[in-house]
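Visitor: I should like a close look at a single part of this structure, and at the side-chain pairs that surround it. Please set out the criteria behind each term as you go.

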Amino acid sequence: MNEFVILGHRGYRAKFVENTIEAFKKAREYGADGVEYDSRLTKDGTLVVLHDDSINNKKLKELTYEELKQIHFKNGETVLTVEEVISNLDERAILNLEIKEVEAAVPSYEITKRMKAVDRTLFSSFKIDALRKVRSLDKSAKVGLLSEYDTLKYVDELNNEIDLYSLNLWIDALKDNIELSKELLHKWKEKGLKIFLWTVNDPKYLHTFKGLYDGIITDEVEKIVEVRRQIAKEKL
């Protein structure tokens with residue numbers, strides 16, 4: 001049993017084209033427990049996997065799904081739907097679906113449920129209203145707050161309201177004041193929240209915050225998998 005989970009950030013982003021089947025499958029192949037990916041809606045309401053709100057200088061909201069499928073990434077793939085991500089990964093893959101828009105929250109949950117993947121999905125978002133919508137649909141779904149740091153002072157209040165599963169925190173902000181960050185992480189873990197750190201590409205932070213996180217989201221899958229292996233050996 002691993003001490004913490006490793007999720008490939010938009011797949012194995014350091015080596016493959018992000019948010020593509022290739023990147024997601026390679027993340028699993030090289031040892032990630034699952035993947036983090038993004039959901040947005042097209043002009044005609046198709047739920048697709050895209051980090052930015054535009055592609056090729058065109059706003060996603062101005063493109064239909066069919067128009068979007070005419071655009072190819074450098075590996076030949078096109079923008080995926082959420083269904084395609086789930087169906088192309090093995091059933092043991094942990095999924096962290098970042099909901100980029102409030103209006104994508106309900107379809108994100110409903111499609112994941114239809115694909116029978118809710119139990120292994122963490123629905124995360126910077127948009128608190130997106131998390132509220134998921135929670136209104138399912139009292140036991142895992143929801144995670146992606147913090148913009150102005151929201152951290154409301155964590156207790158939000159946890160009481162939404163029953164958060166996790167806090168998904170930016171490593172670049174945590175490392176600015178490591179001792180204070182450790183205190184906060186310890187406090188939140190004591191309250192039962194899981195801690196996911198993103199985007200951790202420098203393995204040293206696995207040691208810096210050791211014992212204070214439950215998941216690592218990374219572009220550098222192989223590097224982080226190797227450090228986890230080393231940490232496990234140290235415990236033997």
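Guide: The account below begins with one helix and then turns to ring pairs, salt bridges and one strand residue.

The model is predicted: local features need pLDDT of at least 70 and side-chain atom pairs count only at pLDDT 80 or more, whereas totals for chains, interfaces and linings use all residues. Residues are numbered from 1 along each chain as its sequence is written, and side-chain values use heavy atoms, with hydrogens and water left out.

Helix α10 comprises 15 residues, 221-235. Helices (H or I, at least four residues) and strands (E, at least two) are DSSP runs, numbered from the N terminus. From its first C-alpha to its last, α10 reaches 22 Å, close to the 21 Å expected at 1.5 Å a residue; the expected span is 1.5 Å times one less than the number of residues.

Burial in α10 is confined to V221, I224, V225, V227, R228 and I231. These residues lie on the same side of α10, because they cover an arc of only 160° around the axis. The arc is that of the directions from the helix axis to the C-beta atoms. Buried here means under 20% relative accessible area, exposed over 50%, and partly exposed in between (1.4 Å probe, protein chains only). On the face turned away from the buried side, α10 carries the exposed residues K233 and E234. The buried residues of α10 pack against β1 (5-9), α1 (21-29), α9 (204-208) and β12 (215-218), where contact means heavy atoms within 4.5 Å.

One of the buried residues of α10, R228, has its charged end over the ring of F4, 5.9 Å from the ring centre. A charge sits over a ring if NZ of Lys or CZ of Arg is within 6 Å of the ring centre and within 35 degrees of the ring normal. The charged end of K142 likewise sits over a ring, that of Y165, 5.8 Å from its centre.

F4 also leads to the ring pairs. The whole structure contains seven aromatic pairs. In one of them, F4 and Y213 meet edge-to-face, with 5.1 Å centre to centre and 75° between the planes. Because F4 lies in the segment before β1 and Y213 in the loop between α9 and β12, this pair ties together parts that are 209 residues apart in sequence. Both partners are buried, F4 with a relative accessible area of 1% and Y213 with 5%. The rings of W170 and W198 have centres 6.0 Å apart and planes at 20°, so this pair is stacked. W170 belongs to strand β10 (residues 166-170) and W198 to strand β11 (residues 194-198), 28 residues apart. W170 is partly exposed at 36% relative accessibility, whereas W198 is buried at 16%. Ring pairs also link Y12, F16 and Y30 into a cluster. For such pairs, rings of Phe, Tyr and Trp (its six-membered ring) must have centres within 6.5 Å; planes under 30 degrees apart count as stacked, over 60 as edge-to-face and the rest as tilted.

Salt bridges number 22 in the structure. Each is a side-chain nitrogen of Lys or Arg within 4 Å of a carboxyl oxygen of Asp or Glu. R13 and D219 form one of them, at 3.4 Å from N to O. R13 lies in the loop between β1 and α1, and D219 in the loop between β12 and α10, 206 residues apart. D219 is buried at 10% relative accessibility, whereas R13 is partly exposed at 30%. These two residues, together with R10 and E18, are linked in a network of salt bridges.

A further salt bridge joins E161 and R132 at 2.6 Å, N to O. Since E161 lies in helix α6 (residues 155-162) and R132 in helix α5 (residues 128-137), the pair ties together parts that are 29 residues apart in sequence. D156 and K191 form another, at 2.9 Å from N to O. D156 is in helix α6 and K191 in the loop between α8 (178-190) and β11, 35 residues apart. Both are partly exposed, D156 at 33% and K191 at 45%.

Finally, S124 is located in strand β8 (residues 121-125) and is buried, with a relative accessible area of 1%. Apart from its neighbours within four places in sequence, S124 contacts N96, L97, E98, I99, L131, G144, L146 and N168.
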